[in-house]
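Reader: Hi! I'm new to reading protein structures, and I'd love a close look at one part of this one. Could you take me through the main nonpolar core and what surrounds it?

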Amino acid sequence: MRWPQAPFGKGLLRRRLRLAAQRFADHGWAVTPGGYFNGRRMACDRLNCFATSSHPLYEDWENRSSTRSAQLDEWWSERPHALLLPTGHAFDVLEVPALLGSRAVYGPPTGPGRATSAGRVRGPVAVTAAGSWMFLMRSGGALAPELDHRVDIVQHSRGSWIPAPPTVLPDGPIRWKVSPQSIGWQLPDPEEFQQALVQALVALDAAFLDLPLSARRRLAPPALSRPAALKPTPTLRRAF
């Protein structure tokens, strides 16, 4: 298997991660470091850690998250550690598959600038190279019933985290589709955003049903049961 390489040198990546961490900290978003991509896996140099996917550097990562510049300097002084954002404090996150995420932000290809209702409820959106879209929203809202039953939608709140740009994972870098800076670091209301996402989901389902049966069979995902790791905890969470 050919592992993807970092798109820039380790020193440059480390500096970019440090600058990004400071931008988050300046807006009150605490950060915590994670394992770094060593060309094969996400490593953290802990002797008793066998995790290969993205994971926090410390077992007590939630208590050690910080906005202090001196602490950020120490964390990103040698390694290009993943930049992790704890959720459930400054914001929650809804992680959805790319098909729904792109539909929610951009809608059908009917012309530039025409967004769906979810696209108009603007908030930061990060994407992974593996195809997950992560929507940041204000903390405190429960997952809407229309979304809660779906195995491909995960709510990250207290006790969870997400990797943030410009973190590099084995699949590739995390990128912003909608950056916090572009919308003035504003976060959407969770209830309003989730209802907009439900509307996008309904529209996507309707478009799917309009396809020929052969196309539906080709695009339909396999049936899955919800694994335990999709319900994140401080020590067990969905692997990126």
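**A walk through the core**

Author: Happy to! Let's start with the whole chain: eight helices and 12 strands are found in it. Please keep in mind that this is a predicted model. Of the 240 residues in the chain, 48% are buried. Among contacts with a separation of 6 or more, 78% are between residues 24 or more positions apart. On the outside, the accessible surface comes to about 12,400 Å², and carbon and sulfur atoms account for 53% of that.

Now to the part you asked about. The largest nonpolar core is made of 35 residues, and the ones with the most contacts inside it are F24, W29, V31, W76, L83 and L85. Several elements supply two or more residues each: the helices α1 (10–26) and α3 (69–75), together with the strands β4 (83–86), β7 (132–137), β9 (161–163) and β10 (168–169). Helix α1 gives the most, with six residues.

F24 is a good residue to click on. Leaving aside its neighbours within four places in sequence, F24 is in contact with W29, V31, L83, L85, A164, P165, W176 and W185. Four of the names in that list, W29, V31, L83 and L85, also appear among the residues with the most contacts inside the core. Apart from this core lies another one, of 22 residues, which includes L94, F193, V198 and A200.

Two of the partners of F24, P165 and W185, are worth a visit for their backbones. P165 is joined to P166 by a cis peptide bond, with omega at about 5 degrees. P166 sits in the loop between β9 and β10, and those two strands are both on the list of elements that give two or more residues to the core. W185 has a positive phi of about 60 degrees, although W185 is not a glycine. Look for W185 in the loop between β12 (175–178) and α7 (190–209). With a relative accessible area of 15%, W185 is under the 20% cut-off, so it counts as buried.

Next, some charged residues. Side chains of opposite charge can pair when their charged atoms come close. The structure holds four salt bridges. In one of them D73 pairs with R18, and their closest N and O atoms are 2.7 Å apart. D73 lies in helix α3 and R18 in helix α1, so this pair ties together parts that are 55 residues apart in sequence. Both helices also give residues to the core you have just explored. The two partners differ in their surroundings: D73 is partly exposed at 41% relative accessibility, whereas R18 is buried at 15%.

Let's return to the loop that holds W185, between β12 and α7. D189 is in this loop too, while R138 is in the loop between β7 and α6 (145–148), 51 residues apart from D189. These two form a salt bridge, with 3.3 Å between the closest N and O atoms. D189 is partly exposed, at 27% relative accessibility, and R138 is also partly exposed, at 39%.

One more pair to find on your screen is R64 with D60, a salt bridge whose closest N and O atoms are 4.0 Å apart. R64 is partly exposed at 37% relative accessibility, and D60 is partly exposed at 37% as well.

Methods. Residues are numbered from 1 along each chain as its sequence is written. This is a predicted model: local features need pLDDT of at least 70, side-chain atom pairs count only at pLDDT 80 or more; totals for chains, interfaces and linings use all residues. Side-chain values use heavy atoms; hydrogens and water are left out. Helices (H or I, at least four residues) and strands (E, at least two) are DSSP runs, numbered from the N terminus. Buried means under 20% relative accessible area, exposed over 50%, partly exposed in between (1.4 Å probe, protein chains only). Contact means heavy atoms within 4.5 Å. Accessible areas come from the Shrake-Rupley method with a 1.4 Å probe; for residues, only the protein chains shown count as cover. A nonpolar core is a set of buried Ala, Val, Leu, Ile, Met, Phe, Trp, Tyr and Cys residues joined through side-chain atoms within 4.5 Å. A salt bridge is a side-chain nitrogen of Lys or Arg within 4 Å of a carboxyl oxygen of Asp or Glu.
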